[in-house]
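The following account is meant to be read beside the sequence and the coordinates. Please keep both in view while following the text.

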Amino acid sequence: MSTPIKRIEKDFLLKTLYDDQIPVMYLNDRTQYILYLEKPVKSEVLFRSDRPITGLKPRKKLDLMFDYKGQVIIFSIEVSAVKDTQITAEAPEYLFKNLDRSYSRVSTPQDLKVQFTFKGDRFQLQYPKVQEYESGEIGDWMSNTDPKNLQGLIDQMSAWIGGYASGYKLVIFRDTKPSITEERIVAETGKTLYLPSTLANFPQSDSYPKKRLITEEMFRRYLESTGVDPLYLDDAVNRFIKQKFDAGFFSDAWIPVLFQEYVIGYIHIWINKEGKLPFDYNVIETLYQFSKILAFSLKINGYFNSGRIKNEPFEGKIMDISASGLLFTYPHSSLSSALLPDSELALRLTAPKRIITASARIVRRYKDNVVGYFGCRFLDMAPEDMRFLFEYLYGKPFTDSDATFVSGKV
C-alpha cells in the first residue's frame with residue numbers, strides 16, 4: 001500500500017522541490033508535461049509548465065509525481081487558476097510514497113475501449129453477502145481428499161476435529177437464517193468469531209495478512225450497530241463472554257463457510273470438557289482451509305446450480321489507466337456487489353491498432369451513493385502487449401530510464 005508522508009517530511013519535500021527546482025511530471029493524453037515550482041509553498045502552489053497543458057481549467061484534478069533520490073513521490077492538486085503556463089492550486093494535503101502501482105496513471109484515451117468478463121462461474125444466491133473475501137488455493141493438507149465425496153469430506157472433518165474439540169456443528173444457511181449473535185456477526189463480516197479462552201477477551205488484533213478474525217473492536221462496533229449504548233459496550237462484551245463460561249464453554253470458535261461473496265454457513269467448534277488445550281491459530285487455519293474445500297465440494301455436487309447465471313461481458317467507465325492497471329466505475333447492482341477485492345476478471349483492451357487480452361485482479365474498491373470504484377492490477381499480460389500499452393498511453397518508447405522514473409516500485 002502507498003504510505004502517506006508525515007507533515008514534517010512533506011514540508012521538507014515541498015521546500016526541496018522549489019529550492020532544487022526538481023521537475024514534477026504530469027501525464028495526460030499520451031503527453032508528458034514537466035512542471036517546476038515558481039515560488040516557495042505556503043497555502044498555495046504555483047507551478048510553471050514547460051508548455052501549455054491542453055484542456056486545463058479550474059477545478060481540474062492533476063495527479064503529479066517526482067523522483068527524490070530514487071523514491072517516486074506522488075500527490076494530487078485541484079487547479080484554482082490557469083494563465084498560460086502558470087498553474088495555481090491549493091497546497092496538497094498529502095504526499096505518498098511506497099506506491100502499490102507500478103506505473104503512473106493517465107486519463108483514458110478516448111479511442112481505448114475496455115471490456116470485462118468474470119473468470120469462472122457466477123451465481124445469484126439467497127445467502128448473506130460480504131464486502132470482501134479471501135480467494136486462494138485449497139490447502140495441500142486436503143490433496144488426498146475426493147471433493148466429490150461430500151459425506152466423506154464431512155466425516156474426515158469430524159474425525160480431525162475430535163482431536164482438538166469437545167464437539168462441533170456444521171450449519172448451512174439454506175433452510176435457516178442467521179438468528180443468534182454469533183451467527184449474525186459471522187454472516188455480516190465473513191470472519192471468524194474466535195475466543196481462545198472464555199476467561200480472556202476477544203483478540204485485540206488480527207495477524208493474518210488477509211484479515212480473518214473478529215477483533216474486540218469489531219465486536220464492539222457490531223453491538224453498537226444493534227442498538228447497544230456506547231456507555232454499556234464494556235458490560236455487553238464482558239457479559240457475552242461470561243455467559244459462555246457460565247454455560248461450560250472453555251474455548252469457542254465460529255468459522256464461516258464462504259462461497260464467492262456469500263456466507264453460506266459456518267463451522268462451530270467448542271471445548272466444554274477438561275483435558276483439551278484451548279484452540280490456537282493452527283486449528284483455526286485448518287478449519288478455514290477445510291471450509292474452502294467444503295464450499296468447493298458443494299459447488300461441484302450441484303448445490304448452487306439453481307443460482308447459476310450467464311456470465312456476460314460488461315463495460316465499466318474507465319477513470320484512469322496505467323501500464324500496470326486501471327480504475328473503473330460501475331453502477332450499484334448485483335454485478336457490482338460481486339466485484340470484490342481479489343476477484344479476477346478477463347480483460348479485453350481495444351486500441352486503434354491492437355487488441356490486448358489479459359487478466360486483471362481487483363485490489364481495492366470503494367463507493368459513493370451512485371457507483372462503485374474498482375482499482376485493478378493487470379495480470380498475465382504479454383511483454384509485447386505491455387510495451388505497446390506503455391507507448392500508447394505515454395506517447396513515447398519504453399526505455400530503462402522512463403521505467404525508473406514512472407515506476408512506483410524503485
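The paragraphs below treat one helix and its packing, then the salt bridges, then selected strand and loop residues.

The model is predicted: local features are reported only at pLDDT of at least 70 and side-chain atom pairs only at pLDDT 80 or more, while totals for chains, interfaces and linings use all residues. Residues are numbered from 1 along each chain as its sequence is written, and side-chain values use heavy atoms, with hydrogens and water left out.

Helix H6 covers residues 281-300. Its name follows the convention that helices (H or I, at least four residues) and strands (E, at least two) are DSSP runs numbered from the N terminus. The expected span of a helix is 1.5 Å times one less than its number of residues. For the 20 residues of H6 this gives 28 Å, and the end C-alpha atoms are 29 Å apart, which agrees. At the N-terminal end, Asp280 acts as a cap, with a side-chain oxygen 3.1 Å from the backbone nitrogen of Asn282. Beyond the helix comes Gly302, whose phi is positive, near 80°.

How many of the 20 residues of H6 are buried? The number is 14, so H6 is largely enclosed by the rest of the structure. Here buried means under 20% relative accessible area, exposed means over 50%, and partly exposed lies in between (1.4 Å probe, protein chains only).

One packing partner of H6 is helix H2, residues 150-161. Two packed helices are described by the angle between their axes and the distance between the axes. Axes are lines fitted to C-alpha atoms, for helices over the stretch in contact, and angles run from 0 to 180 degrees between N-to-C directions. For H2 and H6 the angle is about 170° and the axes are 10 Å apart. H2 is therefore roughly antiparallel to H6, a description used for angles over 145 degrees. On the H2 side the contact (heavy atoms within 4.5 Å) is made by Leu150, Leu153, Ile154, Met157, Trp160 and Ile161. H6 contributes Val283, Thr286, Leu287, Phe290, Ile293, Leu294, Ser297 and Leu298.

The structure holds 16 salt bridges, each defined as a side-chain nitrogen of Lys or Arg within 4 Å of a carboxyl oxygen of Asp or Glu. One of them involves H6: Glu285 pairs with Arg212, the closest N and O atoms being 2.3 Å apart. This pair links distant parts of the chain, for Glu285 is in helix H6 and Arg212 in the loop between strand E12 (193-195) and helix H4 (216-225), 73 residues apart. Glu285 is partly exposed at 25% relative accessibility, whereas Arg212 is buried at 12%.

Another salt bridge joins Asp121 to Arg308, with 3.0 Å between the closest N and O atoms. Asp121 lies in the loop between strands E9 (113-118) and E10 (122-123) and Arg308 in strand E15 (residues 308-309), so the pair ties together parts 187 residues apart in sequence. Asp121 is partly exposed at 34% relative accessibility, and Arg308 is partly exposed at 39%.

Arg361 and Glu344 also form a salt bridge, at 2.7 Å from N to O. Because Arg361 lies in strand E19 (residues 354-367) and Glu344 in strand E18 (residues 344-351), the pair ties together parts 17 residues apart in sequence. Arg361 is partly exposed at 30%, as is Glu344 at 27%. Salt bridges with shared partners join Lys119, Glu344 and Arg361 into one network.

Two strand residues illustrate the surroundings of buried positions. Phe75, in strand E6 (residues 71-83), is buried with a relative accessible area of 3%. Apart from neighbours within four places in sequence, Phe75 contacts Val24, Phe47, Leu62, Asp63, Leu64, Phe66, Pro92, Tyr94 and Leu95. Thr88, in strand E7 (residues 86-90), is buried at 19% relative accessibility. With residues up to four places away excluded, Thr88 touches Glu44, Val45, Leu46, Val79, Ser80 and Ala81.

The backbone offers a final topic. Most residues other than glycine have a negative phi. Arg59, however, has a positive phi of about 80°; Arg59 is found in the loop between strands E4 (44-49) and E5 (61-68) and is exposed at 71%. Asp380 likewise has a positive phi, of about 55°. Asp380 is placed in the loop between strand E20 (371-379) and helix H8 (383-394) and is exposed at 64%.

Terms used. Polar contact = N/O pair within 3.5 Å; in protein donor to acceptor, adjacent residues only side chain to side chain. Parallel < 35°, antiparallel > 145°, perpendicular 65-115°, else oblique.
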